[in-house]
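Student: I have a chain to look at and some labels I would like to understand. Could you walk me through how each one is earned?
Tutor: Happily; let us look at it together.

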Amino acid sequence: MNDNALSGGKASKVARWTGYGLLAVIAVVFGLFFIVGYNRQYAENPNFREPLLTGTVVTFVLLMLLVAVVVALWSVTQSLQRRDKSSSEYNGIPARLIAMAVAGGTILLMVITWFFGSKTQMMVNGNNFSDSFWLKTADMFVVSILIMLATAIATTLYATWRSRHNSSS
């Protein structure tokens, strides 16, 4: 497939319909999780709940993670193969520089949040969880996601404000 096979409107349509399909599947899986057998009691301890479709949700999330990793690796491979064939600027925007900054920033953020992550023991479903590596890793993901979400919201608000400010001038 050549570079122009999914250019312009066709690529946009494929991306849009892929997104719609993905949202529909996610809505169905999580909807069924909460509707079908959600209040089932845990056999060993009736104080806890054991939803019927927990395994389905976990499998779905792992499958989505696998797909995301494969697509990311494919995208990086394609980008590196095209590096010499095309400019790193698109419409005056330094796309390659932005991509490298985002990838490097994400890795740096995750390393920093892992080192500062908490390794305090937790009680999970009545069991003491004390594996410091996994406690710090879970903390890294939670804190990194919150920082990236706050950054995305702040950037969007700034871009919106700036575009309105520039259009009124």
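Student: How many salt bridges does a search of the whole structure find?
Tutor: One. Keep in mind that this is a predicted model. The partners are the side chains of E50 and R40.

Student: What makes the contact of E50 and R40 a salt bridge?
Tutor: The N to O distance is 3.5 Å. The cut-off is 4 Å between a side-chain nitrogen of Lys or Arg and a carboxyl oxygen of Asp or Glu, so the pair qualifies. E50 and R40 are ten residues apart, and each of them sits in the loop between α1 and α2.

Student: Why is E50 called partly exposed?
Tutor: Its relative accessibility is 30%. Buried means under 20% and exposed means over 50%, so a value in between is called partly exposed. The same reasoning works for R40: at 38% relative accessibility, R40 counts as partly exposed too.

Student: Which residues does E50 contact, leaving aside neighbours within four places in sequence?
Tutor: E50 is in contact with G37, R40, Q41, Y42 and A43. As for V14, its C-alpha is 38 Å from that of E50, and the two are 36 residues apart in sequence.

Student: What else lies in the loop between α1 and α2?
Tutor: L53 is one of the residues there. Its C-alpha is separated by 5.4 Å from that of F33, although the two are 20 residues apart along the chain. Leaving aside neighbours within four places in sequence, L53 is in contact with L32, F33 and V36. The word "contact" applies because heavy atoms come within 4.5 Å.

Student: L52 lies in that loop as well. How do you know whether L52 is buried, partly exposed or exposed?
Tutor: L52 has 42% relative accessibility. That value is between the 20% and 50% limits, so L52 counts as partly exposed.

Student: Which residues form the nonpolar patch on the surface?
Tutor: The patch is formed by V28, F30, L32, F34, I35, V36, Y38, L52 and V61. Together they have about 800 Å² of accessible area.

Student: What makes L52 fit for such a patch?
Tutor: A patch member needs over 30% relative accessible area, and Leu is on the list of nonpolar side chains. With 42%, L52 passes that accessibility limit.

Student: Which helix gives the most to the nonpolar patch?
Tutor: Helix α1, residues 8-35, with five residues. Helix α1 also holds Y20. With a relative accessible area of 45%, Y20 is partly exposed, because that value falls between 20% and 50%. The C-alpha atoms of Y20 and A68 are 16 Å apart in space, with their positions 48 residues apart in sequence.

Student: Let us turn to α4. How do you know that its span is close to the expected one?
Tutor: Helix α4, residues 132-168, has 37 residues and reaches 54 Å from its first C-alpha to its last. At 1.5 Å a residue, 54 Å is expected, so the two values agree closely.

Student: What is found at the start of α4?
Tutor: A side-chain oxygen of D131 reaches to within 3.2 Å of the backbone nitrogen of F133. The limit for a polar contact is 3.5 Å, so the distance fits.

Student: Why is S144, in helix α4, called buried?
Tutor: S144 has 2% relative accessibility, and buried means under 20%, so the label follows. Not counting residues up to four places away in sequence, S144 touches L109, M110 and T113.

Student: Which other residues of α4 are buried, and what do the buried residues pack against?
Tutor: L135, K136, T137 and M140 are buried along with S144. The buried residues of α4 pack against α3 (95-115), β3 (122-124) and β4 (127-129).

Terms used
Residues numbered from 1 in each chain as written. Predicted model: local features only at pLDDT ≥ 70, side-chain atom pairs only at ≥ 80, totals over all residues. Heavy atoms only, no water. Helix = DSSP H or I, 4+ residues; strand = E, 2+ residues; numbered from the N terminus. Buried < 20%, exposed > 50% of the residue type's maximum accessible area, 1.4 Å probe, protein only. Polar contact = N/O pair within 3.5 Å; in protein donor to acceptor, adjacent residues only side chain to side chain. Patch = residues over 30% accessible without salt bridge, like charges linked within 9 Å, V, L, I, M, F, W, Y side chains within 5 Å. Areas by Shrake-Rupley, 256 points an atom, 1.4 Å probe, with all protein chains shown as cover.
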